[in-house]
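Work through the exercises below with the sequence and the model open. Each task is followed by a solution in steps.

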Amino acid sequence: MQKGTKQSAKEPGLPPGTLSFVGHRRAETVRIQVVDYDGETADTFQLEQVDDCSNLAGRRANGWIHVSGLHRVDIVERLGRCFQVPPLILEDILNTGHRPKADIWEKGVFVVAKFFAMEPEEETLQMEQVSFILGGNFLISFQESDRPIFKPVRKRLATPGSRLRRCGVDYLLYCLIDLVVDHYFVVVETVGDRIEDLEEALFHGEGEDLLDPIHRIRRQCLFLRKAVVPLRDAVGILRREEGPLGSREIQPYLKDLQDHVFQVLDTLENQREMGTALLDVYLSSMSNRMNEVMKVLTIIATIFIPITFIAGVYGMNFQYMPELKWPWAYPAVWLIMIVVAVLMLLFFRKKRWI
Amino acid sequence: MQKGTKQSAKEPGLPPGTLSFVGHRRAETVRIQVVDYDGETADTFQLEQVDDCSNLAGRRANGWIHVSGLHRVDIVERLGRCFQVPPLILEDILNTGHRPKADIWEKGVFVVAKFFAMEPEEETLQMEQVSFILGGNFLISFQESDRPIFKPVRKRLATPGSRLRRCGVDYLLYCLIDLVVDHYFVVVETVGDRIEDLEEALFHGEGEDLLDPIHRIRRQCLFLRKAVVPLRDAVGILRREEGPLGSREIQPYLKDLQDHVFQVLDTLENQREMGTALLDVYLSSMSNRMNEVMKVLTIIATIFIPITFIAGVYGMNFQYMPELKWPWAYPAVWLIMIVVAVLMLLFFRKKRWI
Amino acid sequence: MQKGTKQSAKEPGLPPGTLSFVGHRRAETVRIQVVDYDGETADTFQLEQVDDCSNLAGRRANGWIHVSGLHRVDIVERLGRCFQVPPLILEDILNTGHRPKADIWEKGVFVVAKFFAMEPEEETLQMEQVSFILGGNFLISFQESDRPIFKPVRKRLATPGSRLRRCGVDYLLYCLIDLVVDHYFVVVETVGDRIEDLEEALFHGEGEDLLDPIHRIRRQCLFLRKAVVPLRDAVGILRREEGPLGSREIQPYLKDLQDHVFQVLDTLENQREMGTALLDVYLSSMSNRMNEVMKVLTIIATIFIPITFIAGVYGMNFQYMPELKWPWAYPAVWLIMIVVAVLMLLFFRKKRWI
Amino acid sequence: MQKGTKQSAKEPGLPPGTLSFVGHRRAETVRIQVVDYDGETADTFQLEQVDDCSNLAGRRANGWIHVSGLHRVDIVERLGRCFQVPPLILEDILNTGHRPKADIWEKGVFVVAKFFAMEPEEETLQMEQVSFILGGNFLISFQESDRPIFKPVRKRLATPGSRLRRCGVDYLLYCLIDLVVDHYFVVVETVGDRIEDLEEALFHGEGEDLLDPIHRIRRQCLFLRKAVVPLRDAVGILRREEGPLGSREIQPYLKDLQDHVFQVLDTLENQREMGTALLDVYLSSMSNRMNEVMKVLTIIATIFIPITFIAGVYGMNFQYMPELKWPWAYPAVWLIMIVVAVLMLLFFRKKRWI
Amino acid sequence: MQKGTKQSAKEPGLPPGTLSFVGHRRAETVRIQVVDYDGETADTFQLEQVDDCSNLAGRRANGWIHVSGLHRVDIVERLGRCFQVPPLILEDILNTGHRPKADIWEKGVFVVAKFFAMEPEEETLQMEQVSFILGGNFLISFQESDRPIFKPVRKRLATPGSRLRRCGVDYLLYCLIDLVVDHYFVVVETVGDRIEDLEEALFHGEGEDLLDPIHRIRRQCLFLRKAVVPLRDAVGILRREEGPLGSREIQPYLKDLQDHVFQVLDTLENQREMGTALLDVYLSSMSNRMNEVMKVLTIIATIFIPITFIAGVYGMNFQYMPELKWPWAYPAVWLIMIVVAVLMLLFFRKKRWI
């Protein structure tokens, strides 16, 4: 269904912390973009050699290292070693089917989330996993493809005097997750529009088959929900725990983020129920049509079957059928047949079938 | 479906606190009405220039500033600056698709709710978002349209010696939310009446198609529930938290309000289940009708098909058909046909189809 | 459906504590019955003038004031003033659509519950709201109609040496609520009997239409549940809180009451699921019947349509039809037709349709 | 359905603690069996006169008094007085429709549970209520019928040196409840076997009507669940509370018991969903059969109706029908009719109906 | 359905701790494999005589004793005595239908889990119960069959310098449970693939009957869920409790394990809903096909029934039928019949049936 939902599970029995890429390769090459910023300056450059990452760790300015493409295990491993990230976390980053979550570990915060995009013309949901490692003054973000999903934040970071510049990397983390959640709104709204289109088509449509699109909507709601429900818990952990995000300054933003996630969930829940309701309506309208088909058949058949019988009777070849010789018999038979047909029609009218 | 349920989501990636109107313009112009009141006097006037709001902040009497129309971002921003409202809250006010909620912030309380009205003759649910900012001695309320929804409270405020006059702005906030919830009762009752009408029509009705109205009822219940469930939590926050509403005096009123919200929810939950039950009944009655149609067809067909066959047999043109020459053959065939028909009718009677 | 379930909602925007009767007038006149009792004596009299209530407040013996009929707002208001009942509580008493609840207020306890009765022959559920105000040594009870629902308690109170006499008004309150809950058992059992009757009729019945009674049962379960679920919480509040009912003596009785409410709820929950299951069975049996109807039609039609065709062929008037002149053609055609019919019957037997 | 599920509710308004038997008489006579045991000896005798119970109370050895048959209120009352059991508990013992529960009261523990047995050949669920009163050194158990349900425990008690002998009456209580729960496993397994039989019959069966057995299974699951869910809570109370069962020694056994109850519930929950799934399969297979019936009818009808029409055309008696005189017309008509029939068959083959 | 899901329940009334094998014998012989390991060496040998187990208990190195095959009660009993395992735990090990759980007992930890394997070609789910007893420096594991399910861990243990070697038996326990959970991912993914195949077949398939495979998928989801939900709680207990696994070192691994179990559950929950959705689609497509069948029948019948009647009319043998003698009557009748047929076709086109 959606690209990238099917992945091969890890081979059972590998030692924990064994790094292996689980998923589909989505990017041509792995690219590492670095932004070094503080209140005054913001330096953007591309890291050509992953070994240079040792230069990145341990500097004074805030650093955002963004990795797009996950299929090179060695690069992720090297980065992890530079920034002292535990192997269990690196393993989760490389498993693109991981559940959204937030972990507080002694040196930082680890967040996994799902990024969704839905091209209106394409009808399919694009999903990729994004993960974030927040340390003292650095944030490492990972995404599967090289789609520029964080471009708006990059732009704001390039703007001198923006709040992003002035605040620390925790605010940057918030902005990136918020961007992910903003896309949920877009996707959820597209789903909502489709539900309304389907309703329209069901009640006033031209009989095309809507079973497949209704099923697709239901599946997409299930799929989105599976990504958003754990994110709700993850944001809750970020708000509650006494980690690097516990500072008072960032809390109102996280509360706002949590409100947004709740709103997405409320809408998804409603859409799920709407999907079920649509199927009910679809099934009912199928029954309706069947009823209509049957009524047409029944009306035609019950009108003509009796009068065809009458015609059959006078088609018999008995020698002694007195009626056959009566001069007014033929018009009389027509009369009888018309009366029978009219009585049937009246019966159907009484039953409100016509 | 309902006017105003469809809105375009905010563009992803804007910085938090960026003010932009999300929704449909519902009012011609933005109007700001101010009521200054204390125990003795109540001054009502219209604020022509939003810049005059600086005069409003910091006075001694209680002030209620009501803004109808949200499409002018600059006005909301200016007001927010006058009363030192955080930008994240202003952003929520301007997002007309926001989830009902209550926030306690250091200088006040912020409440978002949904106002519903249902014109009995119109069948559609009118919704607009209302939001309230409660400060030390002022209350700012926002609504999307210029419909006079708070007129009853305005009247009571104009009455000298009323409790509203004597109490502070927290009591005014309670009264406004209570008014919103009172309208829920009206809407929920209208929905209940329609459910009863639909039941009546389903069991004793004249066969009109009820699929669309049943679906509409179910959708309205979902829609209302999405607005009322978060309001329940919001009222819970108002009651629990140690904010400006924690005073002992206002608590019984908030408890009463909470009771009302619970009652609306109970009724909505029941109505939702009734909606599902109605659909079940509709589907069953469709099956019933199909059964009836099929029975009519079957009875007519199974009576006439065999006797038409008999007539067909004696319509054959074989030279050597002895029966054709027997003088009593024709009445005998009639007798046989009548016996067959009567046997069929007895069979159907035994099966209780007729 | 049930008498008295439909009520007009309160007009939106009235000040809190505004007394107005919401519901249907159920009693001719408002009657106030008073029982003054202590261990030795029990005085029962009718209060003709509500103004005499000032004599009732502040005496030493236990007093039970029972008001039947709620349509006279002035009487309730006067009583409330005598016993210093807060207006918000009086408002709830007069709103006959109120949700069952228990409130502990500084001077007493306020309980709302729903009384149900179901006349076996009537099939409809009779509901009325009862409410109780418990003060230091008085209990005021309200009911909508003048049906003598509390007669058994009244009798026990008249019996010298009964436990009711010896204990305080809190025990009296318990006895009255217990009586209300005892009636739930009767109603729930009647509903259960009807479910069994419906099952019987569905599996062994004579084809009457059971859709309406099944739907009615489901609706009654929903309706009862809406009254019992909040009562469960209300009894929980009575047991938990440190109010006038917190004394050790009354607690075992309240625990017993709570057990009963839980049992009613368990049964209701089961009955609700049984109602759904019955509808499933109904729909399945509809399908079954349809199948049977279709089989009869199909069997008759598929046997006679081919042989009618054969008869039709030899009814053609072509000049050159050699068969028509063969002397054994007519019996041969009969043979063919019988063979075709028998083959069809064998086919149906193989399919287990006959 | 199950014997003994229907009971008449208690008359409303009786004083709490009024003893009256609610249920069906299941035993001929009330029998009281006593086992006096300690580490060394175990004395079993029948108590002929209930008045002798005063001898039982207050002795040193452990005593198990088992009462089978509940219809003699006086006997239960007398026993209760001997062992100082509160009347509210005696009332619950006599109410055979009571919800399973555990009560800790100052002098002991009171447990109500439901015993189930299911005769494989009978298809019906036998239920009876058992209740237990645990005091310092005595256990009184009650059952409705005289079926020897506790025989295995009685045997173990008769075995010298068994753990039952060495431990106190709390261990005896555990053993009896454990026996009740062991029977749940048997019943639940029988239900599971029937579900598998039904599945088998649905997919490979011979078309017998399975609606009734599927419905019965669903009802039995509901019925069992209503008995097991409260028992789970009851065992939880026994484990948590600081009553006579709070000793460390009995706790592992109670934990084991709780595990068993959870397992029964898990299985029941699964079976309930399986029951619903079976009904879905049943309904689907009904639809399948209907489809097959309709296809047969449609194939036969659509093949023969057009060719019968052709035969009808040449059965017309117009004087000027040139075809009638053509010598090769008759075989040509046969050819046309065969072509039409073959085309129809190809059409059905393309549609995969045959 | 699945091998080994059906088991005979324990006989009711046995004393607790009575050891008896409940299940199906899955292994030819009971084999006991021992691995003695510390940082430097790892000794693997087979224990021929269970009595030698006394040598195993009380040594210094870490020991992993793995028992495959459970049908020899005496062996399990002997092992239990050697390592001082309480009989209630041994009873649970021998009951192969036990619910997954974790118990902390004073000398160790006891864990029950279900191992699943699903051969892609076989379509059936293989389940066996595994249980683990963790003591100070030993781990005893039990499995039902002799399938080498723990082979990967055995290999890692044989590798010098691996983390498994260096850490204690608690890490070994984690690795074994993790291996079990890894297999869940494989099974759940296989189920997911089948769901996608079924969807494909439903929407684009060739009409084969999918009722049985859909039902099987739903049942497998229920079955898996019943095993995974209690395991979630069991892992929670391992993490929470202050037992041998409470050390800081193992905690991140257990957290990782818990994440995995949650992810399996999320996926299962989604698959369960997908299974229901598939059934809905199946039922809808059945309705669709029925509709199509009915339409074909109706179109053919309603076109030919009226014109067959016309032919029948002119097949009548009345002497005075003027039309019969008109020379242009025959072509005129053909014209009428064609017009009627075309009108019918236009009517069906308007109804969008063709």
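Buried area is the accessible area (1.4 Å probe) that two parts lose on being put together, summed over both. The model is predicted: local features need pLDDT of at least 70, side-chain atom pairs count only at pLDDT 80 or more, and totals for chains, interfaces and linings use all residues. Residues are numbered from 1 along each chain as its sequence is written, chains are lettered from A and ligands numbered from 1 in the order in which they are written, and side-chain values use heavy atoms, without hydrogens and water.

**Exercise 1.** Describe the interface of chain C and chain B by area, contacts and salt bridges.

Step 1, area. Together the two chains bury about 5,500 Å², with 63% of this on carbon and sulfur atoms. Of the area that chain C buries against chain B, 12% comes from C:Arg99, C:His215 and C:Tyr330, more than from any other three residues.

Step 2, contacts (heavy atoms within 4.5 Å). Chain C contributes 66 residues and chain B 63 residues.

Step 3, salt bridges (a side-chain nitrogen of Lys or Arg within 4 Å of a carboxyl oxygen of Asp or Glu). There are 8 between chain C and chain B. One of them joins B:Lys351 to C:Glu292, with the closest N and O atoms 2.4 Å apart.

Step 4, elements. Helices (H or I, at least four residues) and strands (E, at least two) are DSSP runs, numbered from the N terminus. H8(C) gives the most to the side of chain C that touches chain B: 19 residues.

Step 5, residue classes. Nonpolar means Ala, Val, Leu, Ile, Met, Phe, Trp, Tyr, Cys and Pro; charged means Asp, Glu, Lys and Arg; the others, Gly among them, are polar. The side of chain C that touches chain B holds 36 nonpolar, 10 polar and 20 charged residues.

**Exercise 2.** Repeat the analysis for chain A and chain E.

Step 1. About 5,500 Å² is buried between chain A and chain E, 64% of it on carbon and sulfur atoms. The contact involves 65 residues of chain A and 63 residues of chain E.

Step 2. The interface of chain A and chain E has 8 salt bridges. Among them is the pair E:Asp266 and A:Arg99, whose closest N and O atoms are 2.8 Å apart.

Step 3. Two or more residues of the side of chain A that touches chain E come from each of helix H3 (87-94), strand S4 (101-105), helix H7 (211-240), helix H8 (251-313) and helix H9 (329-350) of chain A. H8(A) gives the most, with 19 residues. By class, this side has 36 nonpolar, 10 polar and 19 charged residues.
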